[in-house]
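Biologist: Before I rely on any of the labels attached to this structure, I would like to go through them one at a time and hear the reasoning behind each.

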Amino acid sequence: MYIVMASAECAPVAKAGGLGDFVHGLARELMQAGHRVEVLLPKYDCLRLEAIEGLEKDYSDLWVPFYDKGYLCDLYHGRVDGIDSWFIDPHSPQEFFNRGVIHGEPDDVDRFTLYARAVLEFLHQSGRHPDVIHCNDWHTGLVPVLLYEIYQVQGLDQTRVCYTLHNLGHQGWTGEYILHQAGLDAPRLMTQDRLRDPGNPHTVNLMKGGIVYSNYVTTVSPRYAWEIQSTEQGMGLQETLRRHGHKFCGVLNGIDFDVWNPLTDNRIPYAYGPESLPDKARNKQVLRQRLGLVEASKPLIAVVSRLDAQKGVELIRHAILYGLERGAQTVLLGSAQDPMLEAYFRVLQRETDANPDCHLELGYDEDLAHLIYAAADIMVIPSVYEPCGLTQMIAMRYGVVPLVRGVGGLADTVFDANHSDKPFEARNGYVFDELTTEALASALDRALGLWFDYPEYFRQLRLNGMAMDNSWARPARLYLDIFEKIRVKTPNIPS
Ligand code: ADP
């Protein structure tokens with residue numbers, strides 16, 4: 001099968017979070033299964049160029065209509081971990097992708113609308129006819145709309161779209177102008193059954209466009225699929241998702257078992273696996289030295305997270321302070337986009353600065369993240385909502401016991417040591433439900449109690465987590481089934 005993946009992110013060249021890991025992991029797995037896969041990304045000035053092999057300009061002067069004019073784009077080609085990757089570089093006076101960031105700009109909607117149109121223009125002008133375009137999140141919501149409204153009659157009539165929702169917190173809400181800009185018939189599309197936002201008659205919802213126009217829609221865990229259809233986690237799109245429920249399901253993400261493997265990870269000083277678990281403690285020593293923590297017989301509680309309201313910032317703060325109170329060491333690696341949240345954690349950093357059992361590192365640091373996974377005993381993930389969450393899966397792979405709020409993908413992957421109805425060998429962490437400091441503290445008490453008083457059981461929990469198969473093998477098979485299904489059966493006008 002020939003699959004094109006369109007996304008704002010792909011690890012490790014352009015990663016801001018789990019979306020980047022998703023595209024990279026799935027693309028590699030599909031490729032290894034013998035399929036032709038191409039990833040199309042904007043050519044950000046902040047791409048990690050050293051991770052691209054053989055990058056060169058391969059296509060010049062691609063004319064991409066945009067509003068009543070258009071922009072010329074260059075296409076660069078290279079390989080990222082063997083994945084065929086294309087990078088779109090528009091000559092736009094706004095310097096759309098030369099901002100030093102992947103997303104989070106005030107004109108993101110314009111940036112990614114141009115990108116969406118350029119993806120289709122490139123496929124069309126270069127004579128490509130993929131079986132499936134796999135689109136991701138609101139940034140690419142217009143791709144299926146443009147395909148079926150404009151490019152189908154121009155020859156892209158055998159291509160189908162699978163659209164994956166990674167986070168309903170960002171839907172690409174914008175004004176009607178964007179449809180004119182993309183070359184679409186705004187009055188016809190601004191209806192309740194197409195792109196009009198369910199909550200606001202004057203707002204265009206790009207994610208809704210992706211849902212309505214795609215041949216199949218997935219999200220990143222079965223629990224989140226239920227939550228966004230049935231609870232306010234759908235953030236206004238519940239009804240749309242229910243209406244399109246016949247072509248919607250949750251597929252639990254995997255993690256790249258080659259990248260995240262404590263036996264082969266060259267970013268950690270001491271390799272270890274289930275048979276050599278004591279070597280994990282040596283990484284803990286290295287982390288303590290690096291972060292200036294004292295050497296002591298204490299459990300290490302860690303948080304590795306974007307610092308965003310979604311991640312439960314008050315509970316993260318509470319876990320750090322409560323953990324210290326209960327005799328643990330605590331480490332946070334967190335990156336905040338919102339200056340208020342950055343300030344919130346700077347205050348906490350000052351409060352805990354003198355404490356030899358605590359270190360807060362504010363920023364994004366891939367190497368340090370690996371070392372923390374290798375060193376930690378407990379990983380706290382108290383999310384308000386969590387579509388899938390990769391952190392808990394990575395943690396388990398590194399023998400870290402996750403302590404999570406039971407929402408979305410966290411509930412699908414972490415099974416409570418005391419309360420799960422699964423057999424003991426399938427229990428792998430701690431789960432709490434209420435979004436309160438008391439609920440978090442009670443779960444933390446249980447986890448720390450086990451670490452201090454029953455180390456042999458704690459070790460078994462680590463091993464249970466390490467034995468879980470959260471690789472991409474199964475989800476990639478499920479995606480291939482979906483691609484096969486839409487390729488063969490779905491009529492080409494979806495809505
Ligand atoms: P999200 O996509 O919502 O950020 P996920 O749990 O799906 O959350 O994925 C988070 C990914 O980003 C994991 O690979 C995690 O290790 C990584 N990560 C998060 N914050 C940081 C950080 N500050 N530095 C390095 N890696 C981080």
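Biologist: Why are helix 10 and helix 11 called roughly parallel to each other?

Modeller: This is a predicted model, and in it the axes of helix 10 (residues 313–325) and helix 11 (residues 339–352) come within 11 Å and cross at roughly 5°. Angles under 35 degrees count as roughly parallel, and therefore helix 10 and helix 11 are given that description. On the helix 10 side the contact includes Ile 316, Ile 320 and Leu 324, while Leu 341, Phe 345 and Leu 348 are among the residues that helix 11 contributes.

Biologist: What makes strand 14 largely enclosed by the rest of the structure?

Modeller: Buried means under 20% relative accessible area, and seven of the seven residues of strand 14 (residues 329–335) are buried, so the strand is described as largely enclosed. Gln 329, Val 331, Leu 333 and Ser 335 point one way from the strand, whereas Thr 330, Leu 332 and Gly 334 point the other way, and all are buried. Strand 14 also pairs with strand 13 (residues 300–306) in the parallel sense over seven bridges, and Val 331 is the bridge partner of Ala 302.

Biologist: Why is the pair of Tyr 44 and Phe 97 called edge-to-face?

Modeller: A pair of aromatic rings is described by the distance of the centres and the angle of the planes. The rings of Tyr 44 and Phe 97 are 5.6 Å apart centre to centre, with 90° between the planes; centres within 6.5 Å make a pair, and planes over 60 degrees apart make it edge-to-face. Tyr 44 lies in the loop between strand 2 (36–42) and strand 3 (53–66) and Phe 97 in the loop between strand 5 (83–90) and helix 2 (108–125), so the pair ties together parts that are 53 residues apart in sequence. Tyr 44 is buried, with a relative accessible area of 1%, and Phe 97 is buried as well, at 3%.

Biologist: What makes the pair of Phe 66 and Tyr 71 tilted?

Modeller: Their ring centres are 5.7 Å apart and their planes lie at 40°, which is neither under 30 degrees, as stacked would require, nor over 60, as edge-to-face would require; the pair is therefore tilted. Phe 66 is buried, with a relative accessible area of 3%, and Tyr 71 is buried at 6%. Ring pairs link Tyr 44, Phe 66, Tyr 71 and Phe 97, among others, into a cluster.

Biologist: How do you know that Lys 43 lies over the face of Tyr 76?

Modeller: Lys 43 is placed at 4.7 Å from the ring centre of Tyr 76, and the distance cut-off for a charge over a ring is within 6 Å, with a further condition of lying within 35 degrees of the ring normal. Arg 397 lies over the face of Phe 257 in the model, at 3.6 Å from the ring centre.

Biologist: How do you know that Phe 87 is buried?

Modeller: Phe 87, which lies in strand 5, has a relative accessible area of 0%; the cut-off for buried is under 20%, so Phe 87 is classed as buried. Leaving out residues up to four places away in sequence, Phe 87 touches residues including Lys 43, Leu 75 and Tyr 76.

Conventions: Residues are numbered from 1 along each chain as its sequence is written. This is a predicted model: local features need pLDDT of at least 70, side-chain atom pairs count only at pLDDT 80 or more; totals for chains, interfaces and linings use all residues. Side-chain values use heavy atoms; hydrogens and water are left out. Rings of Phe, Tyr and Trp (its six-membered ring) pair if their centres lie within 6.5 Å; planes under 30 degrees apart count as stacked, over 60 as edge-to-face and the rest as tilted. Helices (H or I, at least four residues) and strands (E, at least two) are DSSP runs, numbered from the N terminus. Buried means under 20% relative accessible area, exposed over 50%, partly exposed in between (1.4 Å probe, protein chains only). Axes are lines fitted to C-alpha atoms, for helices over the stretch in contact, and angles run from 0 to 180 degrees between N-to-C directions. Angles under 35 degrees count as roughly parallel, over 145 as roughly antiparallel, 65 to 115 as roughly perpendicular and the rest as oblique. Contact means heavy atoms within 4.5 Å. Two strands pair if DSSP finds at least two bridges between them.
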